[in-house]
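Here's a quick tour of the charged side chains in this one. Have the structure open and follow along.

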Amino acid sequence: MSETVAERRARIRSGIPREPDLSQPAPKRLLTNWLFWIGVALLITYAVLLTLLYQQVVPDKEVPGGRLIGIGTEIIGMVTGYAALTAGALTLIFFLADRFRPQRLWIWLLTFGWGACVATFVSANVNSWAASQLSIVGDGDPATGARAAIFVAPFVEESTKATVLFGIAILLRYRLVSRISGVVLAALSGVGFAFVENIMYYGRLYRYAVQSSGAVGIDPLAELQSLVVQRGILTCFGHPLFTAMAGIGLAIAIRSKSKVVRIVAPLAGFCAAAFLHMAFNATATLVSGPTLMFMYFGVALPLVLAMIIFVIRQIFREGRLIRERLTDYHRLGWLLDIEPMAASRLRTRLRALWHALFLGPYQFIDTVRAQRTLTELAYLRDAITRGIIDDAGLRREKILLARMGELRGSAVIKPEGRAAYPKNPFRRKRETEDYAAPSYPGPAGIGGYFPAPTGAPNGSPGSVPLGQTATQYSEVDPNWKPPSS
């Protein structure tokens with residue numbers, strides 16, 4: 001279905017993606033897609049910046065007044081493994097949270113890579129420069145070392161981590177459809193940043209502990225594991241929680257028609273992220289003892305719990321929104337009555353995928369496509385009703401409804417019963433007793449398999465008379481009468 005120049009401009013203005021031309025070969029479609037080349041450019045940028053960061057923090061360096069200890073090549077693998085445990089667990093949690101409208105895998109990877117490569121490289125250099133500008137030569141303020149961590153690092157790090165979100169909002173705003181999407185993408189950027197930052201912290205601590213172990217009697221491995229517990233478990237929520245504030249503000253702005261909200265919401269989200277980061281750094285730097293424990297259990301953990309409750313409420317809210325918007329199409333006769341309810345329940349969607357998995361690869365792919373089509377249709381309808389997408393959405397709406405009609409025959413929409421599990425050839429069959437064939441009507445034992453009564457006519461099974469011929473009467477005396485009184 002070709003589109004005119006006016007329709008193309010309207011589609012781009014609304015952020016609606018172009019429908020791929022399936023008549024062209026896959027390599028040609030890939031090479032002519034501008035998103036593919038943006039991804040390639042970002043991957044090259046990530047590799048260059050990560051190499052430069054490696055050269056800055058891993059080897060030891062001679063500086064004026066001494067030697068700056070780096071991470072060291074001999075322990076880079078060990079500390080990376082410790083940092084990867086935390087990053088992997090958090091990534092899995094956010095992956096499971098974004099199930100209604102999950103982003104493409106390459107978007108997740110690029111977002112994680114941005115936080116791990118671009119944000120860490122820029123933040124490390126800007127923070128070092130700011131710390132040198134804030135330092136006082138000679139007998140200065142002893143709190144000089146904390147100034148950069150409290151007043152500079154929060155704004156620098158949160159801006160670098162959130163930049164990728166604004167890029168996605170500009171290029172792929174059609175896919176940023178809910179606050180869950182904003183939270184997950186922002187948190188992934190924060191997880192990538194924390195991953196590389198933990199590697200640097202773990203490596204430097206271990207190297208310093210090794211050099212001091214002979215004089216002070218410090219166990220380097222015990223010190224490293226203690227820091228892993230502190231940064232990798234107790235405070236692992238830090239960077240994802242901070243950047244999630246910016247993601248929420250950006251998601252609110254994208255789904256709003258008001259120009260004021262579109263300007264204020266992202267700024268408010270960024271300020272909230274920077275303020276939380278500043279409070280966290282100030283507490284970790286200046287507070288100790290019982291006050292630090294109170295701040296952790298009385299402030300930090302309640303904030304994490306509030307974010308968890310917010311995400312769970314948003315998941316239920318997204319389910320209701322999908323059901324309500326798809327019900328509009330059902331009332332017009334474009335969708336079946338079971339499809340709005342099936343697409344709005346995560347458990348039903350997972351069961352449908354599980355059932356389709358045992359029906360074959362094509363049925364499974366069609367089920368995934370059907371679920372994505374219904375979800376996109378619901379959010380498209382919501383955007384049209386909000387007024388953030390104009391008449392260009394009607395063309396996309398027709399394409400999605402036609403696609404759903406093609407997939408309905410092979411996709412599993414609402415699973416019933418058990419999945420079509422394959423037969424196990426090694427399963428031992430249950431032994432059953434071989435009864436004789438049924439030979440006589442009536443309540444006859446187990447399943448009707450009861451031997452014929454003895455003395456059956458003709459002496460063979462199945463020869464017992466049926467119907468009226470089976471009724472035998474005794475001989476009656478015609479002179480019989482009741483006794484006289």
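Which residues gather in a patch of positive charge on the surface? They are Arg345, Arg347, Arg351 and Lys414. Keep in mind that this is a predicted model. Beyond the patch, the salt bridges come to 14, and a few of them are worth a look.

**The positive patch**
- Arg347, one of the patch residues, sits in helix H13, which covers residues 346-357.
- Arg347 counts as exposed because its relative accessibility is 67%, and the cut-off for exposed is over 50%.

**Arg396 and Glu19**
- Arg396 and Glu19 pair up through their side chains in a salt bridge, with an N to O distance of 2.6 Å.
- Arg396 belongs to helix H15 (residues 392-407), while Glu19 is in the loop between helix H1 (5-14) and helix H2 (26-31), so this pair ties together parts that are 377 residues apart in sequence.
- Burial differs across the pair: Arg396 is buried at 7% relative accessibility, whereas Glu19 is partly exposed at 32%.
- The pair also belongs to something wider, since Glu19 and Arg396 are linked with Glu376 and Arg403 in a network of salt bridges.

**Glu74 and Arg207**
- Another salt bridge joins the side chains of Glu74 and Arg207, at 3.8 Å from N to O.
- Glu74 comes from the loop between strand E2 (66-68) and helix H4 (76-97) and Arg207 from helix H7 (residues 179-216), so the contact ties together parts that are 133 residues apart in sequence.
- Glu74 is exposed, at 56% relative accessible area, but Arg207 is buried, at 12%.
- Why does Arg207 count as buried? Its 12% relative accessible area falls in the buried class because that class takes in anything under 20%.

**Asp382 and Arg325**
- Asp382 makes a salt bridge with Arg325, and their closest N and O atoms are 3.3 Å apart.
- This one is a helix-to-helix link: Asp382 lies in helix H14 (residues 361-386) and Arg325 in helix H11 (residues 290-331), so it ties together parts that are 57 residues apart in sequence.
- Here the acid is the buried partner, with Asp382 at 3% relative accessibility.
- Arg325, on the other side of the bridge, is partly exposed at 23% relative accessible area.

Notes
Residues are numbered from 1 along each chain as its sequence is written. This is a predicted model: local features need pLDDT of at least 70, side-chain atom pairs count only at pLDDT 80 or more; totals for chains, interfaces and linings use all residues. Side-chain values use heavy atoms; hydrogens and water are left out. Patches are made of residues with over 30% relative accessible area and no salt bridge: like charges are joined within 9 Å, nonpolar side chains (Val, Leu, Ile, Met, Phe, Trp, Tyr) within 5 Å. Accessible areas come from the Shrake-Rupley method with a 1.4 Å probe; for residues, only the protein chains shown count as cover. A salt bridge is a side-chain nitrogen of Lys or Arg within 4 Å of a carboxyl oxygen of Asp or Glu. Lys and Arg count as positive and Asp and Glu as negative; His and the chain ends are not counted. The place of a charge is taken as NZ of Lys, CZ of Arg, CG of Asp or CD of Glu. Helices (H or I, at least four residues) and strands (E, at least two) are DSSP runs, numbered from the N terminus. Buried means under 20% relative accessible area, exposed over 50%, partly exposed in between (1.4 Å probe, protein chains only).
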